[in-house]
Amino acid sequence: MEDEQELVAAALRSMPQPDADAGFVARVNARIDAAPGWLGLADFRVWTLRLAPALCALALAAIFWQAPASSSSASVPDPVSSPSFSPASSSDWQTDVSGDALLEAALKPEGSVRDR
Amino acid sequence: MDPDRELVTAAAAGSREAFDELVRRHRAAIVTLVGVLTGGRDGADDLAQEVFVRAWRSLSGFRGESTFRTWLHRVAVNLVRTSQVREGRLRRIFARPSAGEEVFDPPAPGEPIDASLARRQLIQRALASLPEELRVPVTLRDVQGLEYKEIASLLRVPIGTVESRIFRARQRLKPLLEPLWKTNRNS
C-alpha cells in the first residue's frame, strides 16, 4: 500500500515542467502597466473612491447653502399673525357685510379695506 | 528562511526588477499549478499571468508569515477557484453541458508515453479527473513539493485532513497513472 502511494507520488513528481517562456515576464509587466480600460468603470470601488472629493465638496456646499437660507427664513412673516389675514379686521365681524365685500377685504391689503 | 525574502522586500518597495526576478523564479511552478487546477484548459497561461499581477498588487499585504512561494500558491489557488466559480455561473446561464469531473481513460499499458508533452498531458488529465478537494492537495504536495504543514495552512484545513485527502487522491490516481511506470519498466 505504501509502495503504491510512493509510486504515484514519484509519477506526479516526474511531471515535466513547462518550457521556458521568455515573453512571460514581459506579458505580466504589460498587464501590470495596462490601464483598467472601460471595464474598470464597472468596478464601483474605483469610481466611488474617485468621486469622494466631489461628494465632500457637495456636502460642504449644501451645509453652507443651508446656513444662510435658514437665517433668512426667520424674517419671513408668519401668515397667521400677518395683519392682512388678521381676524381682528373689523369688516370680518360685521354682520351686514356681503360675501363679496368680505372676500375683497380678505384679498386686498388691510390699509385699502380700512380706507373704504 | 525564505530564499525570496530580499527580492520580496525590494519588490514591495516598488522595485520592478526584483519582481521580474520573482516572476522568473516561480513562473514554471505557477504555470504548472494553474494548468493542473484548470485541467489544462485554454486560458491557463492568462490565469498564471494574472496570479503574478495580483501578487504585485498585494505585495504590501504580504506579512512574511509564510514563505513567498507558499503565499503565491495561495494566490493562485484562490484565483483559480474564483475563476471556476465565475465560469460555472456563465455555464449555467448559457446552459452549456457541465464538464464536472472529467472521465479519463488511460492509454493502454505498453503504449509509449515517452514524449514529455504526452507525459505531461497524461498526468494533467489524470489529476483533472479528481474532485477539487483531492486534486488541490495532491498537486500541491506531489507536483509542487509543498510540505503538509504548508498545504494545511494554505487550504486552512487540519493537517490530518490534508494527509487523508492526499492518500485518497493517490489511490484514485494509481490506475490512471499505471501506464507511466509500465512504460518505464518496458523501456
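These legends describe close-up views of a predicted two-chain model.

Local features are described where pLDDT is at least 70, side-chain atom pairs count only at pLDDT 80 or more, and totals for chains, interfaces and linings use all residues. Residues are numbered from 1 along each chain as its sequence is written, while chains are lettered from A and ligands numbered from 1 in the order in which they are written.

**View 1. Chain B is built from eight helices and zero strands.** Helices (H or I, at least four residues) and strands (E, at least two) are DSSP runs, numbered from the N terminus. Along the sequence, chain B reads α-α-α-α-α-α-α-α. Of its 187 residues, 35% are buried. Buried means that 20 or more other C-beta atoms lie within 10 Å of the residue's own; exposed means 12 or fewer, and partly exposed is in between, with C-beta atoms placed from the backbone. Two residues are in contact if their C-beta atoms, placed from the backbone, lie within 7 Å. Among chain B contacts between residues at least 6 apart in sequence, 68% join residues at least 24 apart. The mean pLDDT (the predictor's confidence in each residue, from 0 to 100) of chain B is 84, and 82% of its residues reach 70 or more. Among the elements of chain B, helix H4 (residues 68–93) has the lowest mean, 84, and helix H6 (residues 132–143) has the highest, 94.

**View 2. Chain A has six helices and zero strands.** Its pattern along the sequence is α-α-α-α-α-α. Chain A has 116 residues, and 6% of them count as buried. The average pLDDT of chain A is 73, with 58% of the residues at 70 or above. Among its elements, H2(A) has the highest mean pLDDT, 91, and helix H6 (residues 110–115) of chain A the lowest, 52.

**View 3. Chain A meets chain B.** The contact takes 18 residues from chain A and 24 residues from chain B. On the side of chain A that touches chain B, helix H1 (2–13) and helix H2 (23–33) of chain A each supply at least two residues. H1(A) gives the most, with eight residues. This side of chain A divides into twelve nonpolar, two polar and four charged residues. Here Ala, Val, Leu, Ile, Met, Phe, Trp, Tyr, Cys and Pro count as nonpolar, Asp, Glu, Lys and Arg as charged, and the others, Gly among them, as polar. The model scores ipTM 0.76 and pTM 0.64.

**View 4. The largest nonpolar core holds 51 residues.** A nonpolar core is a set of buried Ala, Val, Leu, Ile, Met, Phe, Trp, Tyr and Cys residues joined through C-beta atoms within 7 Å. Ile30(B), Val34(B), Val51(B), Ala76(B), Ile123(B) and Leu177(B) touch the most other members. Helix H2 (residues 16–37) of chain B gives the largest share, ten residues. The core draws at least three residues from each of domain 1 (1–99) and domain 2 (110–187) of chain B; these bounds come from an automatic or database domain assignment. Leaving aside neighbours within four places in sequence, Ala76(B) is in contact with Ile30(B), Leu33(B), Val34(B) and Val51(B).

**View 5. Helix H3 (residues 44–58) of chain B, with Ala55(B).** The end C-alpha atoms of this 15-residue helix are 21 Å apart, which agrees with the 21 Å expected at 1.5 Å a residue. The expected span is 1.5 Å times one less than the number of residues. Ala44(B), Leu47(B), Ala48(B), Gln49(B), Val51(B), Phe52(B) and Ala55(B) are buried in H3(B). Ala55(B) counts as buried because 24 other C-beta atoms lie within 10 Å. Not counting residues up to four places away in sequence, Ala55(B) touches Leu72(B) and Val75(B). The C-alpha atoms of Ala55(B) and Leu72(B) are separated by 6.9 Å, although the two residues are 17 apart along the chain.

**View 6. Leu7(B) lies in helix H1 (residues 5–12) of chain B.** Leu7(B) counts as partly exposed because it has 19 C-beta neighbours inside 10 Å. Outside its neighbours within four places in sequence, Leu7(B) is in contact with Ala18(B), Glu21(B) and Leu22(B).

**View 7. Arg156(B) is found in the loop between helix H7 (148–155) and helix H8 (159–186) of chain B.** Its phi is positive, about 55°, although Arg156(B) is not a glycine. Arg156(B) is exposed, with 7 other C-beta atoms within 10 Å.
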